[in-house]
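Visitor: I am new to this structure and would be grateful for a close look at a single part of it. Please take one helix and the core around it, and explain how they fit together.

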Amino acid sequence: MHYKIYRTTMLMLVVFVSFCSCVKMKSYDTGKAVLDPEKPSKEDEVNQVMYSYPFGKEDHGMEAEITLTLGADVKIGGDLTASIPALKYNKSLLFMLTQDDCKQSAFSMTWAAIHGKPIDISDPKRKYYYDIENLDADDLPPNASALGKTLGSTDGFGNEIRFHFTTTLAPEWDFMHVPTSVKPGFTGNYYRFYMKSGLRWNNVRTLLNTGNAIAFHDVKTLAVDDIDSLVRHFAIAQQITQETLGGRRMKFLAEPNGNKTYLAAAHQFPDIQTMTAQSGAAQLLPFQAPSDLHKTALSRVFINDPSQGKDLVLRALAIEPKYRSAVHLGVHETDREWAQFLLWLNDEYGKDGQDIIWFPSQEEYYEYHYYRQHCTINVNKQGYEIKIKVKFPNQTNFYYPSLTLNIPGLKMKMIKSVSSNESVSGLSYGDFGDGISINLDCRKYLFEHADHYVKKYHSKPSKSNLADASYHIKALKDSDQKKELLKSMP
């Protein structure tokens, strides 16, 4: 009898435990957990995987073809040539920024400032942060305020190119998967805006969607002086990243803590193609770089205050472009002073100033420079048509298939029309120097990408969403599809 009672009691306990294991636990700011088997939590509703550009489906080794149709009375003497300038959009100052340690401020401060989103301007002693889900729900920290404009330069022909930077990731750590709390209008406390351990994957997706880059940094091993251990963990971090980001992979290493073993390991890990370090690295002179920079560690500088960044920029500008070094800054945490520094770059040397700065991630610069070294360019004139063919190298893990071409001896007044093949998704052009310049982009899904931002604007009309949609539409070449998107906008 006692055995039967014991067996019944144990059976009921197993059933109860099994039931509890299937019930969703809902986490609140208090840290307490409550059972709610029927209704999904607010966190579950807002922490779904968000849209990501399909980087894993991109083509490689494509051939772009531009056709220039000349006017009937145009005569050209001699052969035409096309060349790729040292810096995209024919800029003269290269500026790069890497943000280490997978910091949440890479999204809510650095990215937000560049894209005209609200940033925290509260008491520096009590800084606040937010995630993309908060931004989309208009659930923002108190006193959050935007700079009033987006930050960038132009493509040389009036089209905005927003600043791009790099954030390092920590794929092996669980904090990148942690859900966020979204409570629009709730002011009882602001726990949800306290700094998290780091970036979350949805924030990273947003960064990548807008042209920014990702990098290896620390990996989850205690054997940080063992090359084999680092290589194994590079592979683990890469696999997690690829699976989480729909095929996007990392090829850039930002050296952590001055540990040169990471650089040695990077040379043994094929996916890592470009690196940066604080010491013992090559000083980059963009107008003199002779090789394709594969596996080359480029120098960066960590500064204590953004004002030091201004000094470095001014020093670089005091040297003529041919001998000018790139300005590459490293940073961990960014704040409103950094936002003001980025605003200064925009107002002085970007689209609202002299427009001489190109501000890409190191990954984007590396690809552009690699294309410069390895693209095959052919210019052929047949009657009144000039065909320019650009064959891109078939490199895996390349995500920025875009170039600037300079063609001396032509002027836009001599050209009746400009067209391109299907490989070209973005195209802008105009007079430059003693000829013309052409910017081409071969991202396969550029139209679908613009369409996503148009739909986002229509689902939630706002001045900021309108600016984003317009920005991505303008990145497209002229086409019937582009016209349809433009018709749908106010």
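**A helix and its core**

Guide: Leaving aside neighbours within four places in sequence, Val204 is in contact with Leu169, Met176, Leu199, Ile214 and Leu245. The model in which these contacts are found is a predicted one. Val204 is also among the residues with the most contacts inside the largest nonpolar core, together with Phe95, Phe234, Leu253 and Leu345. That core has 71 residues, and its largest share, eight residues, comes from helix α9 (residues 336-349). Apart from it lies another core, of 44 residues, which includes Ala64, Leu80, Leu87 and Met96.

Phe234 leads to the helix chosen here, α6, where this residue is one of those that are buried. Helix α6 covers residues 227-244, and because each of its 18 residues is taken at 1.5 Å, a span of 26 Å is expected; the C-alpha atoms at its ends are indeed 26 Å apart.

Along α6, the buried residues are Ser229, Leu230, Val231, His233, Phe234, Ala237, Gln238, Thr241 and Thr244. Their cover includes two helices, α5 (201-209) and α7 (260-268), and two strands, β8 (213-215) and β9 (252-254).

The two ends of α6 deserve a look as well. At its start, a side-chain oxygen of Asp226 comes to within 3.0 Å of the backbone nitrogen of Asp228. After the helix comes Gly246, with a positive phi near 60°.

Technical notes: Residues numbered from 1 in each chain as written. Predicted model: local features only at pLDDT ≥ 70, side-chain atom pairs only at ≥ 80, totals over all residues. Heavy atoms only, no water. Helix = DSSP H or I, 4+ residues; strand = E, 2+ residues; numbered from the N terminus. Expected span 1.5 Å × (residues − 1). Buried < 20%, exposed > 50% of the residue type's maximum accessible area, 1.4 Å probe, protein only. Contact = heavy atoms within 4.5 Å. Polar contact = N/O pair within 3.5 Å; in protein donor to acceptor, adjacent residues only side chain to side chain. Core = buried A, V, L, I, M, F, W, Y, C linked by side-chain atoms within 4.5 Å.
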